[in-house]
Amino acid sequence: MTRAMNEHVKSAAPKIGLVSLGCPKALVDSERIMSTLRSQGYSFSRDYAGADIVLVNTCGFLDSAKQESLEAIGEALSENGRVIVTGCLGVEEELIRRTHPSVLAISGPHQYENVVNAVHQHLPPVPNRFLDLVPEQGLKLTPRHYAYLKISEGCNNRCSFCIIPQIRGDLASRPAAGILGEAEGLIRSGVKELLVISQDTSAYGVDIKYQTSNYRGRPVAAKFYDLAKELGDLGAWVRLHYVYPYPHVDQVIPLMAEGKVLPYLDIPFQHASPSVLKAMRRPANQVKTLDRIKAWRDICPDLTIRSNFIVGFPGETEEDFEFLLDWIEEAEIDRAGCFKYEPVTGAPANALEGIVPDDVMQDRFERLMEVAQNVSAGQLAKKVGRTIDVLVDDVDPANNRAIARSKWDAPDIDGQVIVSHAAGIKVGDLVSVTVTASDEYDLFATPVTVSAAIAPAA
Ligand code: SF4
């Protein structure tokens, strides 16, 4: 595992060149494809020579546009040699193949999934859980109704177990206008949920001194709160990932209570014991985090907190670990993931003493997951009887079911809402349902109209 990772760390991110032709709709398609690929760890090259593969998003509206598209494909082939074609001219696959037989793949307009799959096939992503922001299982699926929105690269923190700053560099935030423009484009292309990602979302803008940029004729500051508010005004679900509990995070909780931003915070706490957090050199490591969480829940009782924890960090004692278990219960961490500590080559934590034996680490892993499961089950049970909106990810017509997510569930990492009596419900629909039951991770529900129809007569 460690060896495989080192090999990846040494290799640069796969690079894509993009030639975008045609109308604003085609540009939105290009932005959508770029956002998806960027969130999956690909980077982009401004020239043919620096690209591992070139995407040509074509136009086929007029004969002259077709000709221009064919010429652009020819140029990309002669300059780079590895070309994927998409866009309006893609519907004329035969014409493209006749003119340029060596193109790697062809798809038509708005076929994001096909384009992304073609890129995966010819230039595979290199999943790595130490570096990736998007879950590996999410790479296979790029549905239309949600999208990852990356707001910055790199990180200014120096957690002792992490090599991301060495690989990706210091925090480099994108201007707010660029992010908002991309978000608007994604929503125009059918996205209903934006998943805001970065290495440290709450540090957004620190590096560029919160500089303003012009969005729709007015200045918007590159600030965590300002960006969250502006995104919330676009009308899609906005979910915040990789947030640290800095004091200014308090400001977004009212936006969650108002329904502008989903009442969901993904905060990778990693631990709770002060001595372990200190050894980890975690940001926003404050003794009063529990009080902050309670205050957040007073303002927004619906708030769900997802977190990750590392067990078996060097020097973690049984006392530290029990402190963590109690903390997870008291903080009512709704969704918890757990990793057993792994020494990543190049990470300062490798030099720490107090290696935790594998069997102890495994035991702690299982105990943490048991506590997390109990907390999750208790939190979910409180939702039974409520009417909530869910976003449909998949349908199962054979069983008359839909697989959906509530505002408390991020794709691929959290639970699901299993909706019965789901005839007519489609992927990407936002549906109002009544929660009828819960288990450790999932909710079970029926559509509101069905709930009313099947309710026993008074
Ligand atoms: S916050 Fe810490 S763990 Fe996260 S990317 Fe930065 S250095 Fe790594």
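This section describes the confidence, nonpolar cores, ligand surroundings and one buried helix residue of a predicted model.

The mean pLDDT of the protein is 88, and 90% of the residues score at least 70. Among the elements of the protein, strand β18 (residues 417-419) has the highest confidence, at 98, whereas helix α1 (residues 2-10) has the lowest, at a mean of 34. The pLDDT is below 50 over residues 1-11, a stretch with 15 contacts in the model beyond near neighbours in sequence. Residues 137-141 also stay under 50 in pLDDT. For residues 137-141 the model has nine contacts beyond four places in sequence.

The largest nonpolar core comprises 67 residues. Within this core, the residues with the most contacts are Leu240, Leu265, Trp327 and Leu368. When residues up to four places away in sequence are not counted, Leu240 touches Val196, Phe224, Val252, Met256, Val261, Tyr264, Leu265 and Asp266. Leu265 thus appears both as a contact of Leu240 and among the residues with the most contacts inside the core. A second core, separate from the largest, has 18 residues, including Leu21, Tyr48, Ala72 and Val83.

The surroundings of the ligand were examined next. The residues around the ligand are Cys155, Asn157, Cys159, Phe161, Cys162, Ile164, Pro165, Gln199, Tyr244 and Arg282. By class, this shell consists of seven nonpolar residues, two polar residues and one charged residue. Arg282 is the charged member of the shell, because Arg counts as charged. Two of the cysteines listed around the ligand, Cys155 and Cys159, were also assessed for accessibility. Cys155 has a relative accessible area of 9% and is therefore buried, as this value is under 20%. Cys159 is likewise buried, because its relative accessible area is 9%. Across the whole structure, a search finds zero disulfides.

A further buried position lies in helix α5 (residues 112-122), which contains Val119. The relative accessibility of Val119 is 0%, so this residue counts as buried. Apart from residues up to four places away in sequence, Val119 touches Ile16, Leu37, Tyr42, Leu55, Ile84 and Pro124. Ile53 is separated from Val119 by 66 residues in sequence, and the C-alpha to C-alpha distance between Val119 and Ile53 is 8.2 Å.

Methods: Residues are numbered from 1 along each chain as its sequence is written. This is a predicted model: local features need pLDDT of at least 70, side-chain atom pairs count only at pLDDT 80 or more; totals for chains, interfaces and linings use all residues. Side-chain values use heavy atoms; hydrogens and water are left out. A nonpolar core is a set of buried Ala, Val, Leu, Ile, Met, Phe, Trp, Tyr and Cys residues joined through side-chain atoms within 4.5 Å. Buried means under 20% relative accessible area, exposed over 50%, partly exposed in between (1.4 Å probe, protein chains only). Contact means heavy atoms within 4.5 Å. A disulfide is a pair of cysteine sulfur atoms within 2.5 Å. A residue is near a molecule or strand if one of its heavy atoms lies within 4 Å of it. pLDDT is the predictor's confidence in each residue, from 0 to 100. Helices (H or I, at least four residues) and strands (E, at least two) are DSSP runs, numbered from the N terminus.
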